[in-house]
Amino acid sequence: MNWQSLLSPQRTGSKPTSSEASRSAFEQDYDRIIFSHPFRRLQDKTQVHPLPEHDFVHTRLTHSLEVSSVGRSLGRKAGEVIVQRHPELKEKFSLFDFGAVVAAASLAHDLGNPPFGHAGEDSLSDFFLEHPYGKSFQSKVTEAEWNDLLKFEGNAQGFRIINSNQYGLKLTLATLGAFTKYPCPALFPGRDKSKKSQKKFGFFQSEKEIFSTAAAQLELTRIAEDVWVRHPLTFLVEAADDICYSIIDLEDGCRMGLVNYNDTVDLLANILKENFKREKLDKITGQNERIGVLRAMTINKLVEECTEVFLAHEKEILEGTFDKALADHCASKDALEEISSISVEKIYRARHVVEIEASGHEVLPGLLHEFVTAGEHIMNKSSSRKYKNLALLLPVEMRIEIEKQVSTYGMLRIILDFVSGLTDRHALSLYRRIKGISL
């Protein structure tokens, strides 16, 4: 792979155009995402903790903004060295282009996440795995399509949203490539989960051709049918996410009293090492302010370490032979692993977190059951009053698309778009209303 092709500013489905004088095509990507409807919905989607009770913990939106900020730093630091290593890039690109691509892809990285956190993904999958009605669709779709349905994947849903005509994002190929952490489909018999890029999947059958076209234009290395190596900048997007959720989830846990303050300080000090000065920390008034300072210093240290790993392995990354998370190989990997263990034990299994996950397992399959039934009634032009009314609760553009569908899989994808796109509160209130629990 080569950086000239990997930094393509061409937009999906569009002819090449020149960028505005004041903004690069990659900066335009960032603006398009931040003003989009799917991005705004993230303000009411759970990151870890339920939304109403604590106004200072992170939502998917604040998390995405922070990941984007860290991603920009990673991209610029790496880009500064890469441009020096490859002088031919200087005519077209600068360190700011690397930063802009990683920032835009990082901003979009959670667009496909459903309500109720990661439990929402399992809840949507359970409808097809466990429910008799959901399981009945296996005979109505292809094997590859059925594999898509058996595991709802937020990354693939995000790729679908980015490429939906409904939102008109039309991002550059560079950003689209950097966004895709798992450049393979759900049905992949030769999957090697020891490779980071193959642990999950990055596109549904409905968007397979879109990614295939983008991969060809980016000149990504193809390793099997419909399977490619990662775009190199994807490693920086992943690192930005890993850094933020590790450190900031710990900060939230400390603020909420789930993790002891002194334990939090010790965990962050393990990363800062000689840069940690307890006497300076003690001069800061306020526990939250102290943790905030340590968090900022820790993120900066991890940005430096992950950039070093990326640059040290640039050649292997371009050759497609490096397939590991940067954070798993940085100098602080052991300290990050300890933070992860503490977070699982004390934060992710906290009672209020488990409660919201439990509600997701009831609400989302319930909504799917009703709206998939409505979708079938639309396709069959049924006269059922109940499902005609339910169909009216779908956005008009989705109803029109379902009416045009000849494919059961296509109808199911549209209903999954609707349910997974709901915010936490909207999903809960809609479920209560259609079940007659509240009016």
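## Exercises on cavities, cores and domains

In this predicted model, the count comes to 1 cavity of 30 Å³ or more.

**Exercise 1.** Determine which residues line the largest cavity and how they divide by character.

*Solution.* The space in the largest cavity is about 30 Å³. Its lining is made up of His-109, Asn-155, Phe-179, Lys-181 and Val-237. Sorted by character, these lining residues give 2 nonpolar, 2 polar and 1 charged.

**Exercise 2.** Describe the second largest pocket, stating its volume, the residues closest to its centre and the domains from which its lining is drawn.

*Solution.* Begin with the volume, which is about 490 Å³ for the second largest pocket. Of the 19 residues that line this pocket, Arg-160, Ser-164, Asn-165, Gln-166 and Asp-417 are the closest to its centre. Helix H9 (154-162), helix H20 (396-404) and H21 are the elements that contribute two or more residues to the lining. By character, the lining of the second largest pocket comprises 5 nonpolar, 8 polar and 6 charged residues. Finally, at least three lining residues come from each of domain 1 (24-114 + 153-233) and domain 2 (115-151 + 350-438).

**Exercise 3.** Decide whether Arg-160 is buried or exposed, and list the contacts that it makes beyond its neighbours in sequence.

*Solution.* Arg-160 belongs to helix H9. The cut-off for a buried residue is under 20% relative accessible area, and because Arg-160 has 14% relative accessibility, it counts as buried. With the neighbours within four places in sequence set aside, Arg-160 is in contact with Phe-204, Ser-206, Glu-207, Arg-413, Ile-414 and Asp-417. Asp-417 is thus a contact of Arg-160, and both residues are among those closest to the centre of the second largest pocket.

**Exercise 4.** Work out where the largest nonpolar core lies with respect to the domains.

*Solution.* The domain assignment divides the chain into domain 1 (24-114 + 153-233), domain 2 (115-151 + 350-438) and domain 3 (234-347). The largest nonpolar core has 84 residues, of which Trp-3, Leu-233, Phe-310 and Leu-326 touch the most other members. Helix H12 (residues 234-255) supplies the largest share of this core, with 11 residues. Since domain 1 and domain 3 both give residues to this core, it lies between them. The surroundings of Trp-3 can then be read from its contacts, which, leaving aside neighbours within four places in sequence, are Ile-82, His-86, Leu-89, Phe-98, Pro-232, Leu-233, Phe-310, Glu-314 and Leu-318. Apart from the largest core lies another core, of 44 residues, which includes Trp-146, Val-372, Tyr-387 and Ile-414.

**Exercise 5.** Identify the helices against which the buried residues of H8 pack.

*Solution.* Helix H8 spans residues 143-150, and its buried residues are Ala-144, Glu-145, Trp-146, Asp-148 and Leu-149. These buried residues pack against helix H6 (117-129), helix H7 (132-135) and helix H21 (408-421).

**Exercise 6.** Characterise the relation between domain 1 and domain 2, and then the setting of Gly-112.

*Solution.* The C-alpha centres of domain 1 and domain 2 are 25 Å apart, and the contact takes 23 residues from domain 1 and 27 residues from domain 2. Gly-112 sits in the loop between helix H5 (95-107) and H6, and with a relative accessible area of 1% it is buried. Not counting residues up to four places away in sequence, Gly-112 touches Phe-152, Gly-154, Gln-157, Gly-158 and Ile-161. By contrast, Gly-375 stands 263 residues from Gly-112 along the chain, and their C-alpha atoms are separated by 21 Å.

Note on methods: Residues numbered from 1 in each chain as written. Predicted model: local features only at pLDDT ≥ 70, side-chain atom pairs only at ≥ 80, totals over all residues. Heavy atoms only, no water. Core = buried A, V, L, I, M, F, W, Y, C linked by side-chain atoms within 4.5 Å. Buried < 20%, exposed > 50% of the residue type's maximum accessible area, 1.4 Å probe, protein only. Helix = DSSP H or I, 4+ residues; strand = E, 2+ residues; numbered from the N terminus. Domains from an automatic or database assignment. Contact = heavy atoms within 4.5 Å. 1 Å grid on protein atoms, 1.4 Å probe; cavity = no way out; pocket = protein on both sides within 12 Å on 5 of 7 lines; lining within 4 Å. Points joined across faces, edges and corners; volume = space filled by probe spheres on them. Nonpolar A, V, L, I, M, F, W, Y, C, P; charged D, E, K, R; others polar.
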